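Please explain the structure shown below in connected paragraphs, giving the cut-offs behind each term as it comes up.

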Amino acid sequence: MNKQDINPLEDTESEAALAYAEERRENIRTFVRTSPDYYIRNFDKIGASSRFTATFNLMAGLFGPIWFGARGLWSWALPFLILEALAFVQIARGLFGDLAADAMARIASIEGTLDLRRQQLAAAIESGSDRVDAFQRTVDSLEANIGGIRAEAEALAAEGPTIVLTGVVLLIVVKAIQAIVANWALEARFSEWLSDRTVRSGLPPQHIVLSALFMVIIVATAMVHYSFPGRYSLLSTFPTDPDIRLTGITLVENFIAWCVSNSEAFFDGLTFAIRSLLDALEVILVQTPWIVIVSLIVLLTWLTAGLRTAIYSGAFLAYMGLLGFWEAAMTTLALLGTAALLSIIIGIPLGMFAARRPRFYAFIQPIMDFMQTMPAFVFMVPVIAFFGVGKPAAVIVTMIFGGTPVVRLTVLGLRGVPESVREAAISFGANKWYLLTKVDLPLASPSIRAGINQTIMLSLAMVVVASLIGAKGLGEDVLEALQYANVGQGILAGFAILFCAMILDRIVQGARK
């Protein structure tokens, strides 16, 4: 009776295993399309072990990067292409290359100088000058240099067989590695294809042709360039025309001039608004008695981050005051506060608007990438053209560099709000305003506050750069230390900037927690 109960179960499992194996074989045939039996056998061998299983693929070994590229394995094809190109370059240099080209160019340069010195020596001998010995020593020295370089050139020319052998050995090793790892890499791609059928499969002829053309062009160009250095200027110098650059410079300058002349009222108004906010913060931070400012900062740190952090903040503020950096630090905080406040006022609403509008966010994302990656010194050129030098220009440069994180993290936080929570609020009759203020923003607030923190930190990183266009504060002390190589002042002012950053970071992070 037990035997009758077990046999049907075993038969079912056996049929399921056979069906799975047949389905896997069909999938492999569909994926590889060429030599399916070979790949079925090797894929089964590779799949039976969780470790790397070495197999040998002759076609991958022979065609190398072309095979990997045609199969869509470009993460393997490119490193192998570099290694094979290096091997072929070594072989070509050893067989056909002018190994002594650099040495002979140096000899030609020295011979020109040697001819001049010989003429000077002959003239000195003819005139009976007292500089005959000096010229003779120079000529002897140049002739000795030429002899040494010529011997070096001969030694380089004799290294041809060794270079060829090195290239051949490298090529054989690379080909062997490619043949061994090819099936393993292709089986991993097959596993990806099973879950995502958009992954490239098969071996289409057009992919073979494109991969071969790419590899041949790269290898042939490298071989010619390194085997015959300097012979083909097209390979070493990008073909360009100075008129293109001059035309581009003229167009940019004309565009900036047109913007300045047609938007003067706008930029004047923007400058006035920034200066008004900056002056107000400077009055609060600089002209208010230091006891009041210290007490407020320590109290705020205590309320947000705890007593221990408040004690550290008091020590940092004492450092700034005792070393004479108090006014500069408060000026820096005023500049930073203006830039950060404007970035937050603009960035959070912009992030809220972009969070539910993917097309708009896709439009502004490249602009933010440009703002965050372009060096700050490049921003200064148009900013100075529009705003002149001074604190408003420094605020604008700081906003451009540090204003993007608050937008990105606001979008990230709002998009991370669970849809189930939003749907539950809507089902209970929540309108858009209630949904935004009572659901979306509270749940996204950790991410938004992290964006505010990052904006403040990046803005503080611009303190020294902003001092180049007229911003006062701690950056000016660091800039003076750089100009006069005053190491002590630079380090002390740098610590003051660091302590400002730490205080602000603890306040914002404490509030976030």
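Tryptophan 184 has a relative accessible area of 32% and is therefore partly exposed, a class that lies between buried, which means under 20% relative accessible area, and exposed, which means over 50%, as computed with a 1.4 Å probe on protein chains only. The model is a predicted one, in which local features need pLDDT of at least 70 and side-chain atom pairs count only at pLDDT 80 or more, whereas totals for chains, interfaces and linings use all residues. Residues are numbered from 1 along each chain as its sequence is written, and side-chain values use heavy atoms, with hydrogens and water left out.

Tryptophan 184 leads on to the aromatic contacts. Rings of Phe, Tyr and Trp (for Trp, the six-membered ring) pair if their centres lie within 6.5 Å, and a pair counts as stacked with planes under 30 degrees apart, as edge-to-face over 60 and as tilted for the rest. By this rule there are 19 aromatic pairs. In one of them, phenylalanine 52 meets tryptophan 184 edge-to-face, at 5.2 Å centre to centre and with 80° between the planes. This pair joins distant parts of the chain, 132 residues apart, since phenylalanine 52 is in the loop between α2 (36-47) and α3 (58-63) while tryptophan 184 is in helix α8 (residues 160-195); helices here are DSSP runs of H or I with at least four residues, numbered from the N terminus. Phenylalanine 52 is also partly exposed, because its relative accessibility is 43%.

Phenylalanine 267 and phenylalanine 387 form another edge-to-face pair, 5.3 Å centre to centre with 85° between the planes. Here too the partners come from distant parts of the chain, helix α12 for phenylalanine 267 and helix α17 for phenylalanine 387, 120 residues apart. Both rings belong to buried residues: phenylalanine 267 has a relative accessible area of 14%, and phenylalanine 387 counts as buried at 15%.

Ring pairs also link Phe31, Tyr38, Tyr39, Phe43, Phe190 and Trp193 into a cluster. Over the ring of tryptophan 193 sits the charged end of arginine 197, 3.9 Å from the ring centre, where the rule asks that NZ of Lys or CZ of Arg be within 6 Å of the ring centre and within 35 degrees of the ring normal. Arginine 357 likewise lies over the face of phenylalanine 353, at 3.9 Å from the ring centre.

The loop between α1 (2-32) and α2 contains arginine 33, which is not a glycine and yet has a positive phi of about 65°. Arginine 33 counts as exposed because its relative accessibility is 53%. Serine 35 is found in the loop between α1 and α2 as well, and this residue, again not a glycine, has a positive phi of about 50°.

The next topic is the open and closed spaces. On a 1 Å grid over the protein atoms alone, a pocket is an open set of points with protein on both sides within 12 Å along at least five of seven lines, a cavity is a set of points where a 1.4 Å probe fits but cannot get out, and lining residues have an atom within 4 Å of a point. The largest pocket has a volume of about 710 Å³, a volume being the space filled by probe spheres set on the points, which are joined across faces, edges and corners. It is lined by 25 residues, of which Leu285, Leu300, Gly337, Leu504 and Ile507 are the closest to its centre. The largest share of this lining, seven residues, comes from α15.

The second largest pocket holds about 580 Å³ of space. Among its 24 lining residues, Ile346, Met371, Ile396, Met399 and Ile400 are the closest to the centre.

There is one cavity of 30 Å³ or more, and the largest cavity has about 40 Å³ of space. Its lining consists of Thr332, Leu335, Leu336, Thr398, Ser459, Leu460, Met462 and Val463, with α15 and α21 as the elements that give two or more residues.

Helix α14 (residues 307-322) offers a check on geometry: at 1.5 Å a residue its 16 residues should span 22 Å, and its end C-alpha atoms are 22 Å apart, which agrees; the expected span is 1.5 Å times one less than the number of residues. Just after α14, glycine 324 takes a positive phi of about 85°.
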